[in-house]
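Biologist: I am new to this one. Show me the structure, and let me ask how its labels are earned.

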Amino acid sequence: MSELIITPKSIEEIKIYKNADCYLLGNESFCVRYNHSYSNEEIIEASNLIKSLNKKIYINVNKIFQEFDLEGLNEYLIFLKNINVDGIFFSDFAVLKLAKELNIEDKCVLYHETYPLNTSDLEVILSFGIQGVIISKEAEIKTLVNATKFNNVGMTAFGHIEIFNSKRRLLETYLKEHNITKELVNNYNVKVKEMTRDNLYPLYQDKNGTNIFTSFVYSALKDFKKLNDLNMKYFIIDSIFLDQEYVLEVLNIFNKIRNNEEVDLEKFYNESKYPLDSGFLHLDVGLVK
């Protein structure tokens, strides 16, 4: 059965998003693209709540780690093992190596922005004995359809797509250069605009560096029924930069579609408070001479 995975901004939101199947949490020392940094104490509290609801708790550990990070990473993985989380979403294969040493590789789910992109990639990755794989946000619909022959793959189904990532603290540097004293670091309300375009792009900088996201919200709602019927497992609804009421509406729509209830998607798209787009999903991507 498919899993609707949500990224709550607080423990209270876990209760509000009660119709989700799983909750993906993270800590800024070990992940990027989070909308709240959960301390170990908060993760324990959230874990107890989620398990009392008979739901799953997943932890996002998708940072790219350096040599000096590994000792802390290992301690964090031991902590996650001890509280028996249901899954560990990773991007750096150092996480998988350490997880294997702790005998928890079967809890690992590869979660990368631009990889994997085809069924050959999936076959290799799943041969490592991990729990599952999230396919690249750049994947076309035909790739997603082909990927459903595996029973443990998934996708980001709704949310802003990251288009730029750097370990450099670019916003902080800009503020210093222009003597701007506004508190814009660790701020989810910052947007940037290119000189030649009208779109506003959400930007977030923390101690890990700088992330810039699409001006639109990626949505696979129109393809969800097809992919769900083909037994795709994971569907992530990423709530970063989105307000709670809107995310709850989106979650309810996903649930209605999954339950074969009537949904007016055209009305939702036309009235959406955020611009929606399917990204690469229906683009004919290929080599051009």
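Modeller: Keep in mind that this is a predicted model. Start with the sheet: 4 strands, in the order E8-E11-E10-E9, form an open sheet with antiparallel pairing.

Biologist: What makes E8 and E9 the edge strands?

Modeller: Strand E8 (162-166) and strand E9 (191-193) each pair on one side only. On average, neighbouring strands here are turned by 30° against each other, direction ignored.

Biologist: How do you know that E8 pairs with E11?

Modeller: Pairing takes at least two bridges. E8 and strand E11 (residues 209-213) are joined by 4 bridges, so they pair. The two run antiparallel. Phe164 stands opposite Ile212 in E11.

Biologist: What packs on the sheet?

Modeller: Helix H7 (residues 170-177) does, touching E8, E11 and strand E10 (200-206). The direction of H7 makes about 95° with that of E10.

Biologist: Why are H3 and H4 called oblique to each other?

Modeller: Helix H3 (residues 70-82) and helix H4 (residues 93-101) pack at about 55°, with axes 10 Å apart. Roughly parallel needs an angle under 35 degrees, and roughly perpendicular runs from 65 to 115. The angle of about 55° fits neither, so H3 and H4 are oblique. Their crossing is right-handed.

Biologist: Which residues meet where H3 packs with H4?

Modeller: From H3 come Leu70, Leu73, Asn74 and Leu77; from H4, Ala94, Val95, Leu98 and Ala99. This contact divides into 7 nonpolar residues, 1 polar and no charged.

Biologist: What makes Asn74 count as polar?

Modeller: Asn is on neither the nonpolar nor the charged list, so Asn74 counts as polar.

How values were computed
Residues are numbered from 1 along each chain as its sequence is written. This is a predicted model: local features need pLDDT of at least 70, side-chain atom pairs count only at pLDDT 80 or more; totals for chains, interfaces and linings use all residues. Side-chain values use heavy atoms; hydrogens and water are left out. Axes are lines fitted to C-alpha atoms, for helices over the stretch in contact, and angles run from 0 to 180 degrees between N-to-C directions. Contact means heavy atoms within 4.5 Å. Angles under 35 degrees count as roughly parallel, over 145 as roughly antiparallel, 65 to 115 as roughly perpendicular and the rest as oblique. A crossing is left-handed if the near helix is turned anticlockwise from the far one by less than a right angle, and right-handed if clockwise.
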